[in-house]
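Please walk through this model one part at a time. Begin with a sheet, then move out to the places where chains meet.

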Amino acid sequence: MNNRFINWFRFASPQSFYPLAGKMIPWFWGLTAIFGVVGLWISFFVAPTDAVQGEGYRIIFIHVPASWMSMFIYLVMAAWAGLGLALNTRLSGMMAQALAPTGALMAFISLWTGAFWGKPMWGTWWVWDARLTSELILFFLYIGFIALQAAIDDARRADKAGAILALVGVVNVPIIYFSVKWWNTLHQGASVSVMKSPSMAQTMLWGMLIMALCFWMYSIAVALMRVRAIILERETHTEWVKELPEVKQ
Amino acid sequence: MSALLAIVRRDLLIAMRRKSEVLTALFFFIIVVSLFPLGIGPEPALLKKIAPGILWVAALLSTMLSLNRLFATDHADGTLEQLVLSPTPLGLLVAGKIMAHWLTSGLPLVLLAPVLGLQFDLEPSALGVLVGALLLGTPLLSLIGSIGAALTLGVRGGGVLLSLLVLPLYIPALIFGAGAVEAHISGLGASGHLSLLAALLALAAFFAPWATTAALRISLE
Amino acid sequence: MADFFAARGAGRPDRIPPNSGTMQPSMSASVLSVSDLACVRGERRLFSGLGFDLAPGEWLHVQGENGSGKTTLLRALVGLSHPAEGEIRWRGEPIRQLGEEYRQELLYLGHHGAVKEELTPLENLRLAAALDGRTLDDRETLAALHRFGLKGREELPVRFLSAGQKRRVLLARLVTRNAPLWVLDEPFTALDVKAVDMLSALISEHVAQGGLAILTSHQAMPMPGGKAIVL
């Protein structure tokens, strides 16, 4: 066993991760702000007006990164959950639990902005488009995960049960995605995509990428804050929590 | 292997002595299917078009109803602990329980569906495809559902939670199952849908008992 | 709850008196050994540093107040739950690694009846054996049921039996299961005086034949001998 390995496991204990997370949070908030300002500036002032969709298309600078994040967070959540099951580390389950609400929020933002985008594009708030439908199902999966964890009182059991659900979900996500896509093409559903249009300018892509980074940093910052709260809640009666200055007051 | 047959026999015997539970789920299926024409209107062309979807959604809901029973009674009377502590591998016993669940809740739906399909004026060949799709799809529902049933064992509000967990996972089965009948009616041929359903079934038959076993151990701990 | 709980002999002879035993001295090496065991429920530490050894022909009485962790200990011993710390070995191997081999030699009866209400006593016994991968001889099964006063009720669904009679079906399972290690959680509840005598005779008989038994009970044990442990 080499030293690096031991160090990793040291941070896997809630006690040593709690102060580390506390130190990292301001940095991630700072990065969120920087990427947010740059990304929004590009999306509103630099990116050209779309030839077909006019100004309304600019909502994709929120919509697309939120969709990416909602899928990505589910993968990360499942990875933490799997790690927790395999290595039986307490922190992994807490991370999965902390990520779920942010993932659900991202899925919700994606659906909401999708509806806003749909109104001028398709003339209706909701279209059973393959991507929107998959996003809706992903939102359901997040809600199921959160509900299951909330319903189980014993934290360790909640972590493990949630982990199995997340792993089953992650196997199913691609199956669901392709089945919905197939269902959609079979029924000739409407699908509009700025990404595929030739007018997609380089600056648009940059704006989207920077906004994605902003969302990414935000998700990490919020997940770390939530993980700190979960650690405090679960370890209330340990000595080290009682010694913390913020708890003592 | 004899243990597998024994658990199937045991669960079938119990289901036989508690016929009302099996019949409740079955009548639920019939009632849900019959509600749609009342809600939508008696126009034959429209009903014919939506019949596969209605039958499949009703099959999903009816399966949900019986899933609670899969492990809950064994959990309540302590026999589940005995199954876990049996020298027989738990995965085998779980597979047997899922099989018995399909025989008591899935198979009756398969047999009943063509009769209900007649109410919607489906042609005989479409009925055949419907039966085939349900035959491949309902075991899939039992397999996926068993994971949810094991996860929600002994949990507050387990029944509602179970549907929240399992119904999204049923979507591929719904799409390919109902799609098979629709594709057949529209002349596209159902073989693509049916082979995908069979592939999903093979995948679930391999992984679901394993995931259910892990979930059961967690629930009992 | 204090953190120290120690296994200790109750000052009685550890083995069954010689007049009742067919035990050979060579069998007295311990087959079940528990060392440094700690169990946690939720965030609460129920006990820690628990250790004991049990040899063929010995039985252990687990004592303790409500909520002291008796059931948790038994569940850990049979492998239903993971102890937070410590190790449980059966014939020198950790029970986690033994898995099915250990469960082959184990019979656990928990709080619940573990009988199916819809099935008859006879079916219950037969199917329970079949699930363990064994077939039961009908005559042997009937004899076990008759021994515990269930004559005439073999073909009646358990639903129609009284609580005490349901427990008697379990006693018949003890006889038909044929496992060396018995782990029994509160086996004397819901039993009348006659059945208590039957059960204690059964346990004494099992132990005398070189079996092991671990049981929890609030009452004083109606059998002689045995180790004791207080949680």
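**The sheet in chain C**

β2(C) and β3(C) pair in the antiparallel sense, and seven bridges hold the pairing. Keep in mind that this is a predicted model. One facing pair helps to find the register: Val34(C) stands opposite Phe52(C) in β3(C).

Now look at the next partner of β2(C). This strand covers residues 32–41 and is joined to β5(C), residues 85–90, by five bridges. The two run antiparallel. Here Ser35(C) stands opposite Glu87(C) in β5(C). Val34(C) faces β3(C), while Ser35(C) faces β5(C). In a regular strand, side chains alternate between the two faces of the sheet.

β5(C) carries on to β6(C), a strand of residues 93–94. Two bridges join them, again with antiparallel strands. Arg89(C) stands opposite Pro94(C) in β6(C). The hairpin of β5(C) and β6(C) has two residues between its strands. In that hairpin, Arg91(C) takes a positive phi near 50 degrees.

Put the pairs together. The result is an open sheet of four strands in chain C, in the order β3-β2-β5-β6, with antiparallel pairing. Which strands stand at the edges? They are β3 (44–54) and β6 of chain C. Each has a single partner strand, so one side of each is left without a neighbour in the sheet.

A helix goes with this sheet. α1(C) lies across β2, β3 and β5 of chain C. Its direction makes an angle of about 125 degrees with β2(C).

**Where chain C meets chain B**

Next, turn to the contact with chain B. It takes 28 residues from chain C and 26 residues from chain B. Together the two chains bury about 2600 Å². Carbon and sulfur atoms account for 56% of that area. In chain C, the residues that lose the most area to chain B are Lys116(C), Glu118(C) and Leu131(C). Together these three make up 27% of what that side buries.

Glu118(C) also takes part in a salt bridge. Its side chain meets that of Arg18(B) at 2.5 Å, N to O. In total, five salt bridges are counted between chain C and chain B. The count of residue pairs in polar contact is 16, with both residues at pLDDT 80 or more.

Which elements of chain C supply at least two residues each to this side? They are α1 (70–78), α3 (100–104), β7 (106–109), α4 (121–131) and α6 (163–177). α4(C) gives the most, with four residues. By class, the side of chain C that touches chain B divides into 11 nonpolar, eight polar and nine charged residues. Note that α1(C) appears twice in this account: it lies across the sheet strands β2, β3 and β5 of chain C, and it supplies residues to the side that touches chain B.

**Where chain B meets chain A**

Chain B also touches chain A. This contact takes 28 residues from chain B and 27 residues from chain A. The buried area is about 2300 Å², and carbon and sulfur atoms give 78% of it. Leu151(B), Leu169(B) and Ile218(B) supply 24% of the area that chain B buries here, more than any other three residues.

How many salt bridges does the rule find across this interface? The number is two. In one salt bridge, the side chains of Asp153(A) and Arg156(B) meet at 2.5 Å, N to O. Five residue pairs are in polar contact, both residues at pLDDT 80 or more.

On the chain B side, α6 (124–151), α7 (158–166), α8 (171–185) and α9 (191–220) each supply at least two residues. The largest share, 10 residues, comes from α9(B). By class, this side has 21 nonpolar, four polar and three charged residues.

**A link within chain A**

Finally, step back to the whole structure. A search over all chains finds 26 salt bridges. In chain A, the side chains of Arg90(A) and Glu235(A) meet in a salt bridge at 2.5 Å, N to O. Arg90(A) lies in helix α4 (residues 90–122) of chain A, and Glu235(A) lies in the loop between α7 (202–234) and α8 (239–243) of chain A, so the pair ties together parts that are 145 residues apart in sequence.

Note on methods:
Residues numbered from 1 in each chain as written. Chains lettered and ligands numbered in written order. Predicted model: local features only at pLDDT ≥ 70, side-chain atom pairs only at ≥ 80, totals over all residues. Heavy atoms only, no water. Contact = heavy atoms within 4.5 Å. Buried area = accessible area lost by both parts, 1.4 Å probe. Salt bridge = Lys/Arg side-chain N within 4 Å of Asp/Glu carboxyl O. Polar contact = N/O pair within 3.5 Å; in protein donor to acceptor, adjacent residues only side chain to side chain. Nonpolar A, V, L, I, M, F, W, Y, C, P; charged D, E, K, R; others polar. Pairing = 2+ DSSP bridges. Axes fitted to C-alpha atoms, helices over the stretch in contact; angles between N-to-C directions.
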